2 protein chains.
Amino acid sequence: MARILDVARAAGVSVASVSRVLQGQAGVSEETRKRVQDAIEALDYRPDLAARRLRARRADTLGLIVSDIRNPFFTEISRAVEDVAYRNGLRVMLCNADEDPEKEAFYLEMMRDEKVSGVILSPTLPLLGHFKPADYSFPIVLVDRCERDTEADAVVLDNADAALRLSEHLIAQGCRRIAFLYGASSATGRQRHDGYLAAMRAAGLMPEVEPLQPNVERARVVTSTLLARGELPDAIVARSGLILLGLLESVRAAGLAVPGQIRIAGFDDMPWTRLVTPAITVLAQPTYEIGRSAIELLLQRIANPDQAQRRVVLRGELIARGSTVAGEQA
Amino acid sequence: MARILDVARAAGVSVASVSRVLQGQAGVSEETRKRVQDAIEALDYRPDLAARRLRARRADTLGLIVSDIRNPFFTEISRAVEDVAYRNGLRVMLCNADEDPEKEAFYLEMMRDEKVSGVILSPTLPLLGHFKPADYSFPIVLVDRCERDTEADAVVLDNADAALRLSEHLIAQGCRRIAFLYGASSATGRQRHDGYLAAMRAAGLMPEVEPLQPNVERARVVTSTLLARGELPDAIVARSGLILLGLLESVRAAGLAVPGQIRIAGFDDMPWTRLVTPAITVLAQPTYEIGRSAIELLLQRIANPDQAQRRVVLRGELIARGSTVAGEQA
DNA sequence: GTGAAAGCGCTAACAT
DNA sequence: ATGTTAGCGCTTTCAC
């Protein structure tokens, strides 16, 4: 591989001039610039990123640590982040923590070692519990998960409000016994749980909650157990798209009619929720915008490390469909 | 940040000894090793990756360039790759080329600049057309897309066979007019197209193909046009999960009964294909295994650059469901 | 078993 | 406008 010295020699100038041309700096004659550019072309020269980083002490790279890459919610966020990063000429390292605090810690250390300019993170609950931006050598923006009192930049859905509205919708449809399936292992799950509780209490109804690990398999098992346990609830709400999937699979397996025998609703407007019969009522999240806001927040924070803490709270959209509305057919 | 020199001073040894301990090399007394390790601990020292890479001239990092991160097929592959890489202590840079040759070229250059140890790539058609591993400074393993005569390590489905079996299934169900929706912009699409043609010819039937861009929106548009064009075909086959989604959406919008008025089938056993009514017949790909094979191939190639070219061809599984079988209900 | 020192490729301060 | 050179943090001869 050609080095900067080779280019300098080929162009008959010093390495300093080459470096200046590379950085697009002023103070180089048009003549020299041309010669250097020709030499770069001729030698197919590319700057060594490792050397550049060693010198500059930063990597011009962003980190993105998602909790589950198989969840379309996070892939959509990834795409948004990547779009904006690409347009800004930034690299992004996408990592999948798989809801595992150990993997998460590993990747955060890796980010430090890589000297990334900043990180977007959807933290596991244990980490969020004691999360402090000051513990890290790089700026961090939280996405999807954040406690009210977490002192960090963050982009989140108004989870309590979203769950409240979804629950109220069910109550308005005449449901009394409404079960709520939520991942106790994430802040988001708990906040949605709180919104659900608020709606139930306001209506004078008894909450019925089922905590679980936030993946399809667990959702299936927990739902099956619930359905087998005597009297059916009027409705079941899933606090994420993945859980909703498991929920529906179990309801189907049990041969129950929706919305006749039981009503169903959940979070995340995944494409298939419109295709099943009946279509599923969901609380849609503005996923792409969550990702876009997150990277914009991060870039601002990087440009201005001392700016005040920011939180972007996005509102979800209730999409009522046949799975909760008696008369309606999808 | 503590440097290796700080550690050396704190331990009262030279940087060379610290480096030896870091590499786990022999030739260091137990005494010294202990002192160094304590100093590392005390200073919370972490080696600078940029410096290490500059010296070592390699990054111990793998690249993964997928064509569409929103396609669950690729996220599942990503997860497999990441799993294996994590267990081997390797970093992986995941990039989304978004079916765009320009982005793809950008990321391939980036991989070169990063001096990655190797790359897993699902190439766009233009790139695949003239793809030569020798053009790159790092080993490459192709996934999902590869021509018969491409001279590169690759892991692919037996696409022609898969499409053939899927088509034969439809023919066996009595379908005569079978339309095939395929992405002309990928080798995989064309190979599946070939399998479909073979089945149709063998049965003496007229092929009807609809080339399109491989995304949900285009699939929807193309299907709607097709459905509006006079006489309905007996069946429509989608060559990927994403296209299948768009196809079903359009069939629903047109208010057609499946399998009564039209039959439907596609590739990729996505969770929702089991949940819609009727359930959809699919040709399932072993996604996780595709990813795992790819990284294993890559690691072998890195360990042994001169080994013979390898190709792993995986067989898909036909899962017949209600969308193609008259009597059956999902 | 241990240490001194060269040098990976680059940028930037300083000199001309 | 251009060149010289120190040094970023690390690994690795080579000498002891």
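This is a short tour of a predicted model, stop by stop, with something to select at each one.

Before you click, residues count from 1 along each chain as its sequence is written, chains are lettered from A and ligands numbered from 1 in the order in which they are written, and side-chain values use heavy atoms, with hydrogens and water left out. As for confidence, local features need pLDDT of at least 70 and side-chain atom pairs count only at pLDDT 80 or more, while totals for chains, interfaces and linings use all residues.

**Stop 1: the DNA**

Select DNA strand D and the 28 residues around it; Arg20(A), Arg57(A), Ile4(B), Tyr45(B) and Arg55(B) come nearest. A residue is near the strand if one of its heavy atoms lies within 4 Å of it. Those residues divide into 10 nonpolar, nine polar and nine charged. Here Ala, Val, Leu, Ile, Met, Phe, Trp, Tyr, Cys and Pro count as nonpolar, Asp, Glu, Lys and Arg as charged, and the others, Gly among them, as polar. On the DNA side, 62% of the strand D atoms within 4 Å of the protein belong to sugar or phosphate, the rest to bases.

Now zoom in on single contacts. A phosphate oxygen of strand D sits 2.4 Å from a polar backbone atom of Ile4(B), and a phosphate oxygen is 3.2 Å from a side-chain N or O atom of Ser17(A). For a base instead, pick Arg55(B): a side-chain N or O atom there is 2.3 Å from a base oxygen of strand D. The elements giving two or more residues to this surface are α2 (15-23) and α4 (49-56) of chain A, together with α2 (15-23) and α4 of chain B. Helices here are DSSP runs (H or I, at least four residues) and strands likewise (E, at least two), numbered from the N terminus.

**Stop 2: bridges between chains**

Next, select Asp44(A) and Arg112(B), a salt bridge with its closest N and O atoms 3.4 Å apart. The term means a side-chain nitrogen of Lys or Arg within 4 Å of a carboxyl oxygen of Asp or Glu. Asp44(A) lies in the loop between α3 (30-43) and α4 of chain A and Arg112(B) in helix α6 (residues 101-114) of chain B, so the pair joins two chains.

Then show Arg112(A) and Asp44(B), whose side chains also meet in a salt bridge (3.4 Å, N to O). Which of these two is buried, and which partly exposed? Arg112(A) is buried at 18% relative accessible area, and Asp44(B) is partly exposed at 47%. Buried means under 20%, exposed over 50%, partly exposed in between (1.4 Å probe, protein chains only). While you have Asp44(B) up, check its backbone: phi is positive, about 55 degrees, although the residue is not a glycine.

**Stop 3: helix α8**

Go to α8 (residues 159-172) of chain B, which has 14 residues and reaches 20 Å from first C-alpha to last, close to the 20 Å expected at 1.5 Å a residue. That expected span is 1.5 Å times one less than the number of residues. Of its 14 residues, 10 are buried, so the helix is largely enclosed by the rest of the structure. Gly174(B) follows, with a positive phi near 95 degrees.

In chain A's α8 (residues 159-172), select Asp161(A) and Arg165(A), four residues apart, about one turn. They form a salt bridge at 2.7 Å, and both are buried.

**Last stop: cis peptides**

Finish with Thr277(A) and Pro278(A), joined by a cis peptide bond with omega about -10 degrees. Val258(B) and Pro259(B) are joined by a cis bond too, with omega about 0 degrees.

Technical notes: A polar contact is a pair of N or O atoms within 3.5 Å; within protein, one must be able to donate a hydrogen and the other to accept it, and residues adjacent in sequence count only if both atoms are side-chain atoms.
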